[in-house]
Structures are given as structure tokens and as C-alpha cells.
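I opened this notebook to record what I looked up in one structure. The entries follow the order in which I consulted the model.

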Amino acid sequence: MGKPSTITPKKSLRFGSFVFSPSREVSKNIKVYSRLFRCRKDGFDYMGQIKIDLQNFVIKVEVFNKNYFDYFNSSLNNVTLALKKLLFTKLLLEKSVPEILRETAFSLLKNNAIERKQSPTLDLIKDHKVNLKEIFDKLNTKYFKSEIKATIKWGKKVNKKNLTSFRFGSYDAKKQLIRIHPRLQQDFVPISVLELTVYHEMCHQWAPMKRERGMWIAHHPQFKEKESEYSFYNEARSWEKENWKKLMRPIRKKIIPDKVSTLSKKMRS
Ligand SMILES: [Zn+2]
């Protein structure tokens, strides 16, 4: 089963409306601040909790009804991250929020700004020698305890322009075979996009298809959670969303002037 073959434009996540439970009084040396919330979406109620570790500046958000996450056509990681931002902002708008939380918020924002500055630029394939087996082995050690057993190879080159979709890769569970689209070797493709494609197909063996309500689901929440562990997941995904159309075109052959005449002759014969 390959990646979703078409990439739809970014939709904003609609989380529903949130109400926090009343705030309890907190002591001055509180370490973790937590609030329960109720979320109403499409006529259903969901309960959850936000926890803010005030010493380590870590925010955790949990929705107790896991099927809440089925709504979103994005990785669990992305949804949770957006949900954290939304709830934290909402919380800060409350009058009853303790001062210590506002102070934490301030340091969190500063930290985020630093993280963003340090995020790696997209390294392109032109600066690397691409070896699929090496990429596979590296990812296998780093993310899968070297437990993925599969053969990996480039898919067949297709010289026609794709009309509707681009399939980055595929995984054949019976043959334990991963195929990667050869157009991902082009020098304008970031190495992280190629890596994420290999990683995605490896995840298919790690988190196999599940049968739910009579249907086989390949990209279920556990799959997506594993997928989002890839270190440059967000960077690679946003490149894909913006650039996948460039991959619809066949690899351009460099035309060498001497050969043009023979080439055109051939075409005529
Ligand atoms: Zn897939």
C-alpha cells in the first residue's frame, strides 16, 4: 500500500468548541498545572485534559475519547501540536489563570522562537550520493531497532506525465518489497523527502493494516503516530504539499547537441 496518491491542499483543522472546567486554587510552588476540558464537535462531546509542566515547560494534551482524532486527515503529531497551541492560548485568555502560568507561557514562546531558528534547512539530493539501501539501513537502526526485513529498489521509470496523482512509494507486504519512485532521485528533491518516503513504506511493515468496521485501514492512528516520529517529518511534508506537482513530470533528459540530429532521425524512422 503506497502513500496517499494525491495530496490535497492544506485544510485548516476544525477542532470544535472548548470549555474548561473551573480553575482550582493553586499553591505558589505548584509543579504541574492541569485543567479538564470539554470539547463539542459536530454534535458530540469529548473530554480531555491539558497538563503544563511548569518546571520543564512541557505541555501535554490528551483527549480521552480517542475517536476524536479520526476526524482529522493529518498525522496525530500535527493534530496534537495544533491542539496544544489552541488550548494553551485559550487558557491564557482566561482571567482566572494563575500568574505562574503566564510566566511559563512567556518562556515557552521564547524557546519556540529559538527552536524555529535552529530548524535545519532542506538539504537537497544534489549534494548527496543517493543509495536506497544505505538510507533504509540508517532508518532501520534509528527508528525500528533494525527489525524491518525488506528489499528496497527504485520503481520503473515512466516517461509519461502523470495526470492526476503521484505515488511516492509502495510496499508489497507479501514480497516484503519497497519500491521508491525514481523521480525522487532528481536533484531538486530534498533528502528528507526521499527519506520520509522510505520511512513511510517501512512503517507499513511496523504497523500493519488493520480491519475496522469491515474495511482494511493502512494509515490508521498508530501508523500515523509512528510515521510522525521521523525527525524532519514536518519539513518534508510541507515540501511535498507545495512541490508534488513538479514530480508529475518525467525526468528531463539533458539534450546533448551532437545527438539531437540522430535522435530526430530515429524518431522519423
Ligand atoms: Zn502508505
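I began with the term needed for the first helix: a residue is buried if 20 or more other C-beta atoms lie within 10 Å of its own, the C-beta atoms being placed from the backbone. I also noted that the model is a predicted one.

**Entry 1: helix H1**

I looked up which residues of H1 are buried, and found Val79, Thr80, Leu83, Leu87 and Leu91. Viewed down the axis of H1, these buried residues fall within an arc of 90°, so they line one face of the helix. I then asked what this face packs against: the partners of the buried residues are strand S1 (17-20), strand S2 (32-41), strand S3 (44-53) and strand S4 (58-63). I checked the length of H1 (residues 76-92) as well. At 1.5 Å a residue, its 17 residues should span 24 Å, and the end C-alpha atoms are 24 Å apart, which agrees.

**Entry 2: the sheet of four strands**

I turned to the strands beneath that helix. They form an open sheet in the order S1-S2-S3-S4, and the pairing is antiparallel. S1 and S4 stand at the edges with a single partner strand each, so one side of each is left without a neighbour in the sheet. Direction ignored, neighbouring strands of this sheet are turned by 25° against each other on average. I examined the pairing of S1 with S2, which is antiparallel and runs over four bridges. Within S2, Arg40 is the residue that stands opposite Ser17. H1 lies across S1, S2, S3 and S4, and runs at about 105° to S4.

**Entry 3: the sheet of three strands**

I next recorded another open sheet, whose three strands follow the order S5-S7-S6 with mixed pairing. Its edge strands are S5 (151-154) and S6 (169-172), each of which pairs on one side only. Neighbouring strands here are turned by 15° against each other on average, direction ignored. S6 and S7 (residues 177-180) pair in the antiparallel sense, over four bridges. I looked up the bridge partner of Asp172 and found Leu177 in S7. Helix H3 (residues 132-144) packs on this sheet and touches S5 and S7, its direction making about 140° with that of S5. Helix H4 (residues 191-206) lies across S5, S6 and S7, running at about 25° to S6.

**Entry 4: helix H6**

I listed the buried residues of H6 (residues 233-243), which are Ala236, Arg237 and Glu240. Seen down the axis of H6, they fall within an arc of 100°, so they line one face of the helix. On the other side of H6, I found Ser238, Lys241 and Glu242 exposed. H4 is included in what covers the buried residues of H6.

**Entry 5: the nonpolar cores**

Which residues touch the most other members of the largest nonpolar core? Of its 19 residues, I found these to be Leu184, Val193, Val198 and Tyr199. S7 and H4 are the elements that give two or more residues to this core. H4 gives the most, with seven residues. I followed the contacts of Val193: leaving aside residues up to four places away in sequence, it touches Leu184, Ala236, Trp239 and Glu240. Finally, I noted a second, separate core of ten residues, which includes Tyr33, Ile59, Leu83 and Leu101. Leu83 had already appeared in my list of buried residues of H1.

Technical notes. Residues are numbered from 1 along each chain as its sequence is written. This is a predicted model: local features need pLDDT of at least 70, side-chain atom pairs count only at pLDDT 80 or more; totals for chains, interfaces and linings use all residues. Two strands pair if DSSP finds at least two bridges between them. Axes are lines fitted to C-alpha atoms, for helices over the stretch in contact, and angles run from 0 to 180 degrees between N-to-C directions. Two residues are in contact if their C-beta atoms, placed from the backbone, lie within 7 Å. The expected span of a helix is 1.5 Å times one less than its number of residues. A residue is buried if 20 or more other C-beta atoms lie within 10 Å of its own, exposed if 12 or fewer, and partly exposed in between; C-beta atoms are placed from the backbone. The arc is that of the directions from the helix axis to the C-beta atoms. A nonpolar core is a set of buried Ala, Val, Leu, Ile, Met, Phe, Trp, Tyr and Cys residues joined through C-beta atoms within 7 Å.
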